[in-house]
Amino acid sequence: SGIYSWCCPPDKRWFELQPQIEELKKLDAVRWYFTEVNRIMYDAINNSNWSMMFHETALNMGSVGTGVLYEEEGDRTAINFLCLNIEKVVVLEDKEQRIDTLFREFEYTARQCVQEFGDDCTEEMKKCNSDIKRMEEKFKILHAVFPRKDSQPGKFDSKSMPIASFYICMKSKTVLQESGYWEMPYITPRTSKKEDEQY
């Protein structure tokens with residue numbers, strides 16, 4: 001409760017975007033723009049599952065010292081959040097001890113695989129999904145997210161973004177989806193750690 005109310009008190013505005021240049025703060029048009037952007041961001045968060053997922057993440061931070069929260073575009077809302085168990089996640093740090101690489105193992109049913117990856121699913125996933133007795137059969141998936149060394153700043157396709165994303169079927173070693181992100185989609189707060197530890 002302390003972590004939750006300190007980081008994002010539900011009765012207060014707990015973040016605000018502002019221009020970095022002081023002179024711009026004095027312009028009415030700029031102030032109006034940032035006020036509107038802040039309102040849109042708060043509406044998006046308040047209409048998402050943020051409260052529930054961050055509360056679960058705060059529980060993990062309090063018990064094991066490390067939380068993992070995944071942010072993605074939602075189907076029903078603008079943003080969707082997932083709280084992940086640290087036991088299914090491996091993280092790596094950059095030279096500044098910031099987490100810039102994450103590997104996550106999870107399971108999807110055949111039905112969920114088809115919903116997420118469509119025609120890129122393996123043949124086995126498609127067969128299971130077409131059989132009502134096997135559509136809930138599970139497949140292990142690996143999500144690998146890391147800095148892309150060969151990103152091209154001028155290009156805007158998903159495979160040129162600075163953060164690479166690969167979904168891999170662990171059984172068949174098949175890449176189900178290759179894409180990317182502008183920023184790291186996994187938020188990994190750590191309440192306390194030793195210098196030579198990552199968790």
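In this predicted model, helix 5 (residues 123–130) lies across strand 5, strand 6 and strand 7, and runs at about 135° to strand 5. The three strands it crosses belong to an open sheet of five strands, arranged in the order 3-4-5-6-7 with antiparallel pairing. A nonpolar patch on the surface, formed by Ile-21, Leu-24 and Leu-27, is described after the sheet and its helices.

**The sheet**

- The edges of the sheet are taken by strand 3 (89–93) and strand 7 (174–181), each of which pairs on one side only.
- Direction ignored, neighbouring strands of this sheet are turned against each other by 15° on average.
- Strands of a sheet in general pair through backbone hydrogen bonds, in either a parallel or an antiparallel manner.
- Between strand 6 (residues 163–169) and strand 7, which run antiparallel, there are seven bridges, and Ile-168 stands opposite Val-175 in strand 7.

**A further helix on the sheet**

- Helix 4 (residues 110–117) also packs on the sheet, where it touches strand 4 (99–109), strand 5 (138–147), strand 6 and strand 7.
- The direction of helix 4 makes about 130° with that of strand 4.

**The nonpolar surface patch**

- Ile-21, Leu-24 and Leu-27 together have about 250 Å² of accessible area in this patch.
- Ile-21 is found in the loop between helix 1 (2–7) and helix 2 (28–46).
- Because its relative accessible area is 48%, Ile-21 counts as partly exposed, and this value also satisfies the patch criterion of over 30% relative accessible area.

Conventions:
Residues numbered from 1 in each chain as written. Predicted model: local features only at pLDDT ≥ 70, side-chain atom pairs only at ≥ 80, totals over all residues. Heavy atoms only, no water. Patch = residues over 30% accessible without salt bridge, like charges linked within 9 Å, V, L, I, M, F, W, Y side chains within 5 Å. Areas by Shrake-Rupley, 256 points an atom, 1.4 Å probe, with all protein chains shown as cover. Salt bridge = Lys/Arg side-chain N within 4 Å of Asp/Glu carboxyl O. Helix = DSSP H or I, 4+ residues; strand = E, 2+ residues; numbered from the N terminus. Buried < 20%, exposed > 50% of the residue type's maximum accessible area, 1.4 Å probe, protein only. Pairing = 2+ DSSP bridges. Axes fitted to C-alpha atoms, helices over the stretch in contact; angles between N-to-C directions. Contact = heavy atoms within 4.5 Å.
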